[in-house]
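Trainee: I should like to understand how the terms used for a protein model are justified. May I put some questions about this one?

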Amino acid sequence: MSWKEELKPRIKGLKFALWKVRKQPLGLIGLGLVIFYSLIAIFAPFIVAPNYPDPLIIPKHVTRTPLPPSKEHPFGTTGPPFFVDIYYGVVWGTRTSFMISISVMLVTFVLGLILGVTAGYFGGKIETVIMRITDIFFALPGLILTLVIISIIGKGIGPVIIALGARWWASYARLFRAEVLRIKQKLYIEAARAIGLSDFKIIMNHIVPNTISSGLIMATLDFGSVVMVAASMGFLGLGLNPGTAEWGILLAGSRDWIVAGKWWISLYPGIAISTFVLGWNLLGDSLRDLLDPKTRKLVE
Amino acid sequence: MRKIHIYAIKGFLLSILVIFGLSILVFSLSRSAGDPVAGYVDPYTPLYQIEQIRIKYHLDKPLHIQYFYWLQAVLRGDFGLSRIYMYRPVWYTIQKFVPITIELAIYTVLIMVPLSLWLATKSVKHKDKLIDNITRLIAIAGRSMPSFFFGIVLLMILYPLKLTSIAPIFTFKAITNMPTFDALLNRDWAGFIEAVKYLLGPLIIQVFINLALTMRIMRASMLEELYQDYVTMGLAKGLSRDYLLIKYVRRNAMIPFITLIGIQFAYLVNGSVISETIFNRKGLGFLAARAAMQLDHPTILGLALVLGSTMVLTNLAVDILYVYIDPRLEAV
């Protein structure tokens with residue numbers, strides 16, 4: 001069988017999903033926002049000239065008070081303590097957000113997939129151990145766990161990814177385990193076993209492909225939340241280093257200026273992050289409605 | 001023994017196991033934060049003294065033995081000293097900050113529960129009409145708007161109106177350590193207004209964030225109940241739609257809602273990290289953020305252990321309550 005024929009049902013499903021997305025206005029808005037921010041992230045160097053040598057560090061504009069939006073600084077500047085141009089920060093912050101979220105999602109997805117599938121497929125002691133470890137990670141409120149880990153391993157992009165990964169992997173492990181338990185009982189798995197396929201083959205060819213879609217839906221829903229938590233860390237002064245183009249850091253200095261009526265420092269980064277998260281949430285919601293076979297019937 | 005008792009005991013044992021695991025996690029994090037001796041010495045301490053300290057606190061033993069000494073101390077309530085709070089014991093510091101967050105939690109639940117019940121009932125009654133779409137909008141906004149941005153916008157509104165008090169001074173006698181209750185108990189009306197201002201900002205943030213979830217869950221749960229046979233039967237019997245909705249559907253839909261509130265109550269500290277930091281309210285969230293920022297490891301780790309254990313036990317209590325409220329589950 002050629003690969004085209006093999007993938008036929010999947011392509012058909014995808015086409016159906018795309019057709020349904022077009023029928024959902026909210027999902028479409030979400031998709032639009034996601035595409036919009038992706039374009040900004042890709043074409044950032046053409047929107048604002050990159051800073052040399054590290055484009056993710058915002059060029060400084062030292063003034064005693066924040067400058068209001070003007071021709072030179074379309075979104076104004078932050079003034080002390082960071083002295084940065086907000087327009088540059090918002091545009092390049094899109095890149096930072098994508099970078100953080102994609103890395104965190106890759107790490108948690110792969111880790112969750114490996115552990116969840118192992119636990120679900122083999123069961124027994126291995127399952128108990130893995131699932132009890134996820135319980136421990138679920139015992140802590142997410143933000144507190146992130147705070148604890150960051151305060152111990154330090155600031156910077158690597159630690160932020162690790163801390164967020166530690167907060168998220170457990171829910172993927174749980175999801176994939178539950179999916180595997182559901183699929184394991186299907187007749188085709190039993191058939192695969194009966195004809196003597198190895199465990200590895202069964203997992204790779206029959207179990208993983210069938211669990212991926214619900215994982216992807218959850219990843220879409222979490223994509224925005226990761227950025228939101230990373231920005232919360234930046235806001236608290238615990239995320240990336242100050243001066244990096246990241247939305248939370250831009251907002252961090254703004255609290256003290258609110259009192260003086262300097263509204264632009266918080267407004268633009270705040271709108272950027274809210275609409276970014278909104279886009280992913282709307283897209284994720286409609287994908288869940290479409291790709292989840294249980295609710296798909298309701299849509300049809 | 002009834003099934004519910006077995007269930008409760010099993011759950012309790014499992015919770016102990018999870019808390020034990022949590023303590024191992026916290027212990028390993030605390031050891032990876034650096035040599036624990038560093039907390040007791042300065043660069044001028046002679047080497048032999050460092051060794052003496054190491055022996056005195058059992059830090060010369062292998063890690064798993066150190067863990068049991070550490071666990072013993074923790075069980076006695078000794079989490080070390082809190083650097084950001086004048087080197088008082090961590091346990092004392094946590095106790096100082098707890099009432100402020102509990103006060104916030106009490107008011108949040110008091111406002112959120114009736115409000116989300118009311119909004120959910122309205123939006124079920126007028127499904128896909130204006131009010132339903134408004135609640136949908138609130139829910140989407142609550143999920144997408146970061147709490148720190150919402151908090152800053154709120155500060156922008158409340159501060160010029162003089163509706164928030166960032167550094168209040170309370171002159172009344174502390175009884176419960178929760179300012180609004182203390183003011184009432186002391187009949188200090190000016191103090192009460194000050195205490196309410198101290199509460200208002202974080203309270204609005206908490207209600208807004210949590211409302212998004214509780215309202216939608218309640219709505220979904222009511223819609224599910226609406227398609228049950230007893231509703232059709234009630235309608236056939238001639239009961240009015242509103243009567244059915246409030247007397248039957250809402251009551252039955254309440255069960256998942258109650259669980260959710262229980263869990264939300266425990267998660268409140270999570271949200272208070274941001275809201276208390278913005279409004280300078282000295283609760284657990286504020287403490288956690290401050291401790292993490294200033295790299296005060298004993299405080300943040302002690303807090304993690306206390307909060308984690310509380311969460312595990314709250315979840316257990318909610319689980320048991322769930323079976324207790326809904327006897328159908330016991331049969332399973």
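**Terms and their grounds**

Mentor: Please begin with the contacts within chain A: among those between residues at least 6 apart in sequence, 69% join residues at least 24 apart. Keep in mind that this is a predicted model.

Trainee: What makes two residues, such as Ile144(A) and Val269(B), count as touching?

Mentor: Their C-beta atoms must lie within 7 Å. Ile144(A) touches Val269(B), and also Asn270(B), Ala288(B), Ala304(B) and Leu307(B), leaving aside residues up to four places away in sequence.

Trainee: How do you know which elements chain A contains?

Mentor: A helix requires a run of at least four residues. Chain A has 14 helices and 0 strands. One of the helices, α12 of chain A, covers 255-258, and therefore a run of four residues is enough to count.

Trainee: Why are Ile144(A) and Leu147(A) called members of a nonpolar core?

Mentor: Such a core joins buried residues of certain kinds, Ile, Leu and Ala among them, through C-beta atoms within 7 Å. Ile144(A), Leu147(A), Ala288(B) and Ala304(B) touch the most other members among the 152 residues of the largest nonpolar core. Buried residues make up 45% of the 300 residues in chain A.

Trainee: What makes up the side of chain A that touches chain B?

Mentor: In all, 35 residues of chain A are in contact with 39 residues of chain B. α7(A) gives the most to that side of chain A, with 8 residues. The residues of this side divide into 22 nonpolar, 10 polar and 3 charged.

Terms used. Residues numbered from 1 in each chain as written. Chains lettered and ligands numbered in written order. Predicted model: local features only at pLDDT ≥ 70, side-chain atom pairs only at ≥ 80, totals over all residues. Buried ≥ 20, exposed ≤ 12 C-beta atoms within 10 Å, placed from the backbone. Helix = DSSP H or I, 4+ residues; strand = E, 2+ residues; numbered from the N terminus. Nonpolar A, V, L, I, M, F, W, Y, C, P; charged D, E, K, R; others polar.
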